Amino acid sequence: MPDASPVSSPHRALSRNDPRQYDDLAGEWWRPDGAFAMLHWLARARAALVPPASTRDDLLVDLGCGAGLLAPHLAGKGYRHVGVDLTRSALDQAATHGVTVLQGDATAVPLADGCAAVVSAGELLEHVPDWRRAVAEACRLLRPGGLLVLDTLNDTLLARLVAVELGERLPTVPRGIHDHRLFVDARALVAECARHGVSLRLRGVRPELGGTLAWLVRRWRGGDRPVRTEPRIVPTRSTAVLYQGSGRRGG
């Protein structure tokens, strides 16, 4: 269970990983230099794994869609984009970006078995109390041959240091947004996906160093103009902190 100790938020003290933080941070979703900036970088990298739709009826289910940050990067690929999230304030914003929204839990999605050509689970699994149930649900939604794409944080001491102890001191990560006890062991995730018929391939990823440093300097200096280009997410050999996965459902 999430840590019960209070953490800072713009308006109130909440437990770590409390979903109500996203209501308090509702104005940050679409700010290029805001608290959710790194989610934009990750959304672009995740969308790059998604091929164009094969038919105009292809459905992409976006679990933990937030305010619809994936939507601009899917433009022109031809999917019907359905977003599922717990937070109403985020879904209201997603709807303005062309996402068909469903308020609900990623472990119990009100959609039919095998309905999706693609399921995206971006920065979701490390926020749900039972990531295995979320994985089972993602795999259930995929049709045979359907594609699962995801990114999450590994259950390692290094990930805790980088994402929580250090990361939450930087403007790239809101304070209290993570509970390290929910981080997802990479090998266990591959095994769980295989149990549900999805052969998942992983690679480590990270923000590019130069672009991230420039972005941080820009944030610390302040000012009204956003950075001209956002940092890219690039591959790295190690999955010890942040990793990306993709795989197709057999059958």
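Does D92 count as buried, exposed or partly exposed, and at what relative accessibility? In this predicted model, D92 has a relative accessibility of 42% and therefore counts as partly exposed. The side chain of D92 meets that of R88 in a salt bridge, with an N to O distance of 3.1 Å. Both residues belong to helix α4 (residues 88-95), where a spacing of four residues separates R88 and D92 by about one helical turn. R88 is likewise assigned to the partly exposed class, its relative accessible area being 36%.

Further salt bridges were identified, the search of the whole structure yielding 14. Among them, E28 pairs with R31, and the closest N and O atoms lie 2.9 Å apart. R31 is partly exposed, at 38% relative accessibility. Another salt bridge joins the side chains of E165 and R160, at 3.5 Å from N to O. For E165 the relative accessible area is 35%, which places this residue in the partly exposed class; R160, at 32% relative accessibility, is also partly exposed. In addition, a network of salt bridges links D113, E137 and R140.

E123 presents a charged residue without such a partner. This residue is located in the loop between β6 (116-122) and α5 (131-141). E123 is buried yet has no salt bridge, and the nearest side chain of opposite charge, that of R46, is 5.9 Å away. Because a salt bridge requires a nitrogen-oxygen separation within 4 Å, the R46 side chain at 5.9 Å does not qualify as a partner of E123. When residues up to four places away in sequence are not counted, E123 touches L39, L42, D151, T152 and L242.

A buried position was also found in strand β7 (residues 142-153), which contains L147. The relative accessible area of L147 is 5%, so this residue is classed as buried. With neighbours within four places in sequence left aside, the contacts of L147 include L49, V50 and P51, together with A117, V118 and V119. L142, S246, G247 and R248 are also in contact with L147. For R248, the C-alpha atom lies 4.5 Å from that of L147, although the two residues are 101 residues apart in sequence.

P72 lies in helix α3 (residues 71-74). With a relative accessible area of 44%, P72 is partly exposed. The C-alpha atoms of P72 and H40 are separated by 9.9 Å, and the two residues are 32 residues apart along the chain.

Methods: Residues numbered from 1 in each chain as written. Predicted model: local features only at pLDDT ≥ 70, side-chain atom pairs only at ≥ 80, totals over all residues. Heavy atoms only, no water. Helix = DSSP H or I, 4+ residues; strand = E, 2+ residues; numbered from the N terminus. Buried < 20%, exposed > 50% of the residue type's maximum accessible area, 1.4 Å probe, protein only. Lys, Arg positive; Asp, Glu negative; His and termini not counted. Contact = heavy atoms within 4.5 Å.
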